[in-house]
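Thanks for asking me to look over this one. Here are my notes, set out as numbered points.

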Amino acid sequence: MNVNNLARTVCLGAVSYLALSIDLASPALAQSTVLPAVTVDSPSRQSTRRVTPSRRASANRAPRRAAAPLQPTTPVPYIVPGRGTVGALTPSYAGGQVASGGQLGLLGNRGVLDTPFNQTTYTREFVENTQARTLADVLVSDPAVGSALPRNIGREQPVIRGFLLGNSSVGFNGYFGLIGNNNFNVLDAVERVEVIKGLNGLLNGQSPDDSVSGAINLVMKRARNEPIAELTTSFASRGQGGVHLDVGQRYGEHNEYGIRYNGSYRDGKTEVDNQSLRDESHALALDYRGERVRVSADILYNQFEGSGLSARNTLATTLPGVPAAPSPTNFWNPSWTGIKGENTAALFQAEVDVTDWLTIYGGGGFFDNAITPIISNPTIINARGDTTASPFVNRQDRHNHTEQAGFRATVETGPVLHEINFNTTMWSNQIDGSRTNGTPVTSNIYNPTPSPFQAIPLAAVVKANTSSLNSYGIADTMSVWNKRIQFTMGIRRQEVASEAFSAVTGAAASGYDSAAWSPAYTLIIKPLENVSVYANYIEGLQMGTIVDTTFQNSGQVFPPYKSVQHEMGVKVDWGRFTTTVAAYDISQPAQISLPNTPLPIFSIDGLNRNRGVEINTFGELTPGWRLLGGASFMDARQERTQNGTNDGKRALGIPDVQVSLGTEWDTPFVNGLTLTGRAIHFGDAYADAANRFLIPNWTRFDLGARYTFASPWNGKPITLRFAVENVANSAFWMTSSSDRQIYLGAPRTYLASTTFRF
């Protein structure tokens, strides 16, 4: 039995056990209570172990209309200290759409006002109520985040502050490289989606795929204090049906042991012509929470297959400009393009409170991914919309391993409180692959023409490359006056190694081994208890280069490239409503060629500079009226370009303004009915570095409603949800942050779902 079948067997066995063990007659199943709120910032080393329900969490939690009265939850005889992160969630903020804090990698859990970065943490409730099917569906609500790829291309690639973020930069309970690059849909098993905007080298180390723009961390669901049994059925136009099962239970005298299973299946046609997708996911979460020990284990399995793969389109250099966008449902790729694959991941974590002031932690996991896409990326060759493409089959297998260990300590020295954090991270991977080209095909973006099927043979898979990232980070947060002033200084040592192999002989063809130090400094000042002013200096790292033989300095090894961020901001918590403003300046090195005789000199003296302002808001303006989103304004310029050709021109693919603002209103005239709306706007952007191809700005409106009522069979809540994305069915191009590449925005899409509680 291979590892994927084993993962599926374990998950299905667990859900069978849960189905037999949960008492479906228990009225407590109607609840949606979570684990007791944790203290996210331990005030001193003399912390107590007694449990007291979090008054702040209760005050901040949005009032809910429940179909059945909530039952009191029996508290456990201990709480997770502020230093803990395993199974520890910061409380939900007013309105329930976001949390009042989140994980900051090396620095552990932090509240919003004690976070010297711009971070937003989206809750499970928000993910479910927006009927998000992919990570991009969640991130579209963040005005500082875009997407470099269309929805159904087989993988996701967010863009944060103008820089690409690969899927290997999406964390899994704080561990990176376990989610994968291709269509690993585990959103139904996610409790929180944590988004850090900006560089984070000290917090998480170098990204496995060289991303510097930020970090996204997915916090998996855990069994709650009360049993849960929910079934959700869903539909998305034009015929994508789905079902999601979520069951969980805790056992033991104090509910020490927990088990939770999430399984989902979706299949059918998508909103785009000649396109279909099937996706099956299983997630099993086990955990133990003792008085001083917390342990968790997660097993994830995902299998997917799609036909009619969406594509990025390249603009030919001979085009006079960007052609008008066609109908948003058009699909001009061959219908026999597609993708199939499977993902398996597992993670084990443990955390021990050695003393009242010291917590040690560690864990490790693996990720296996195998995908086989048939890809056809068209080039638009004239203003009539004619395209040409060269299809190919590309097999890729990934095998990742990651480990992490460290400690968090709280120490007092006179009036100064020190929060000392240390960790070491280790990540390694091997990529095997093959590629076979097919015969060129033609079509038209306005009048797609079918292409004859091609049976492209798949070549044998060979080892392509291996790489490893090992790091050691330490930080000390010093605070005085009851944390009204906090100063953090830290540094991380990053070691990078990689080796590429010949596809013909299998022998090592090139290798890289280097290291770098990346410091960081942050400052928080709270002039008032509800106001936080912060500033940070932090670096991000990307793998360096071994100069090839086409340059005079052939063989020179460049250490990891250092991007630098300066940021400052203000956060104000008005009680049930929070506003934040952040201004940043990011400089990223760029590769250029310096003229020389007889060969040019390779250099990284080029520079990309992104400066911007972000305005965010979340919470309840008044009881029953919630607001989430904001605006981002960016001036992204190219500096010190090749021969100065593009100096001062806008960076490709980055809009000058981006707005995402959503609202929810609990209607007073129908108890349990909530109306929703969202507006998304992207300013114009250039699809090329020379600023010849301008992508026009676009705006999308989404509308929806949900209704919660008591089931006539068991009195438990039933929630109906309905939404329409891109209500006007607007046609628009989106940029992909790669030279002259664009893709078509999604058409009008209908979403419906029903959640039953048992």
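The points below go from the whole chain to its sheets, cores and surface.

1. A word on the basis first: this is a predicted model, in which local features need pLDDT of at least 70 and side-chain atom pairs count only at pLDDT 80 or more, while totals for chains, interfaces and linings use all residues. Residues are numbered from 1 along each chain as its sequence is written, and side-chain values use heavy atoms, leaving out hydrogens and water.

2. The chain has five helices and 40 strands (DSSP runs numbered from the N terminus: helices are H or I with at least four residues, strands E with at least two). Of its 758 residues, 58% are buried (under 20% relative accessible area with a 1.4 Å probe, protein chains only; exposed is over 50%, partly exposed in between). Among contacts (heavy atoms within 4.5 Å) with a separation of 6 or more, 70% join residues 24 or more positions apart.

3. One open sheet has five strands in the order β3-β9-β10-β7-β8, with mixed pairing (two strands pair if DSSP finds at least two bridges between them). Its edges are β3 (118–123) and β8 (175–176); each has a single partner strand, so one side of each lacks a neighbour in the sheet. Inside, β7 (residues 170–172) runs parallel to β10 (residues 214–220) over three bridges, with Phe172 bridged to Leu218.

4. Leu218 deserves a second look. Together with Val193 and Ile216, Leu218 touches the most other members of the largest nonpolar core, which has 36 residues (buried Ala, Val, Leu, Ile, Met, Phe, Trp, Tyr and Cys joined through side-chain atoms within 4.5 Å). Elements giving two or more residues to this core include α3 (124–129), α4 (135–139) and β17 (338–353). Another core, of 19 residues, lies apart from it, with Phe163 and Ala520 among its members.

5. A second open sheet, of six strands, follows the order β23-β20-β19-β16-β39-β38 and is also mixed in pairing. Here β23 (441–444) and β38 (733–735) are at the edges, each with a single partner strand, so one side of each is without a neighbour in the sheet. β20 (residues 386–389) pairs with β23 in the antiparallel sense over four bridges, and Asp386 stands opposite Asn444.

6. Finally, the surface: the chain exposes about 29100 Å², of which carbon and sulfur atoms supply 59%. Trp665, in strand β32 (residues 657–666), is partly exposed, at a relative accessible area of 36%.

Notes
Areas by Shrake-Rupley, 256 points an atom, 1.4 Å probe, with all protein chains shown as cover.
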